Amino acid sequence: MICLKIKCNICPRFCNVDRDKEIGYCRANSSIKAAKAFLHMWEEPCISGERGSGTVFFTGCNLRCVFCQNHDISQDGKGKEITVDRLCEIFLELQDKKAHNINLVTPTHYTLQIREALIKAKSEGLKIPVIYNSNGYERVETLRLLEGLIDVYLPDIKYYDDKYSIKYSKAPRYFEYASKAVFEMYRQVGSPVFDSEGIIKKGIMIRHLMLPGLLFDSKKIVDFVLDNFPTEVYLNIMSQYTPMHDANNYKEINKKIDKRHYESLIDYAVSKGLKNGYIQDYESSTAEYVPDFNFEGI
């Protein structure tokens, strides 16, 4: 059982709370809450393209990343409550603005509401691809509810070793759940397929954000992806880590990543057979790319 009106077990937290009466670990009740819906130009080139990705930033999160750049919406609750009907309208409005896709950021805890909104929107003319942009801490049973509604899965794999996932994101068994999740995502949508403009229209792309001092952990994630998925699957290795939120309380990650470590990780991935993916300029490590969560489009 996933999530009914009575109890919520939609993610690996297994909170088992009635979200009509109380909030879960994700700090969400049964209403949808979002903070921004706009044409996002700072995603991977095959997602943002020239017109932008129709991105909806949802409030709440089932992780507690101490370094979260979006902590004011993910952990501090900034957002505006909307209905399923309004979410459907937002999807169609973004399509009318010529967005390349609908990009659902941190959607896990609203899966059932999003499912309902997507079914309605598709019946009313939504035709652009839908991207599920996830932190990776997912239940396979929940993802199966989205089969046929999601065109592109964009999951993180943040950690391999539990000691890091627990310390920095309060997420026990993170890799266990994330690895199963990406297998299910791949089963549903397969390897990336692009349109004539080079915009992704179907498939899975995996992201990994490198953290300071965790080169060895990052290499294990590279090994997992390259050992288990075809070379057509993209692995996007990101250097944009910027210490924010509570990172100042963790001296070892209260700094940018070592440029040499990042270059070493890229070299390692290539030597292991990485063919497809994105890397970032080291200068991308800045708070300038954090959106202003001003309720635009909500």
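Helix 7 covers residues 174–189, and its 16 residues reach 22 Å from the first C-alpha to the last, close to the 22 Å expected at 1.5 Å a residue. Keep in mind that this is a predicted model. Below you will find helix 7 and its surroundings, then the packing of helix 3 with helix 4, and finally a serine in helix 2.

**Helix 7 and its surroundings**

- The buried residues of helix 7 are Tyr174, Phe175, Tyr177, Ala178, Ser179, Ala181, Val182, Glu184, Met185, Gln188 and Val189.
- Their cover includes three strands, namely strand 5 (130–134), strand 6 (152–155) and strand 8 (200–209), along with helix 5 (140–143), helix 6 (162–169) and helix 8 (215–228).
- Just after helix 7 comes Gly190, with a positive phi of about 75°.

**Helix 3 against helix 4**

- Helix 3 (residues 84–96) packs on helix 4 (residues 111–123) at an angle of about 55°, and their axes lie 8 Å apart.
- The two helices, 3 and 4, are therefore oblique to each other, and their crossing is right-handed.
- On the helix 3 side, the contact is made by Val84, Asp85, Leu87, Cys88, Phe91 and Leu92, which meet Gln113, Ile114, Glu116, Ala117, Leu118, Lys120 and Ala121 of helix 4.
- By type, the residues of this contact are 9 nonpolar, 1 polar and 3 charged.

**Ser74 in helix 2**

- Ser74 sits in helix 2 (residues 71–74).
- Ser74 counts as buried because its relative accessibility is 7%, and the cut-off for buried is under 20%.
- Apart from neighbours within four places in sequence, Ser74 touches Gly60, Cys61 and Cys68.

Note on methods: Residues numbered from 1 in each chain as written. Predicted model: local features only at pLDDT ≥ 70, side-chain atom pairs only at ≥ 80, totals over all residues. Heavy atoms only, no water. Axes fitted to C-alpha atoms, helices over the stretch in contact; angles between N-to-C directions. Parallel < 35°, antiparallel > 145°, perpendicular 65-115°, else oblique. Left-handed = near helix turned anticlockwise from the far one by under 90°. Contact = heavy atoms within 4.5 Å. Nonpolar A, V, L, I, M, F, W, Y, C, P; charged D, E, K, R; others polar. Expected span 1.5 Å × (residues − 1). Buried < 20%, exposed > 50% of the residue type's maximum accessible area, 1.4 Å probe, protein only.
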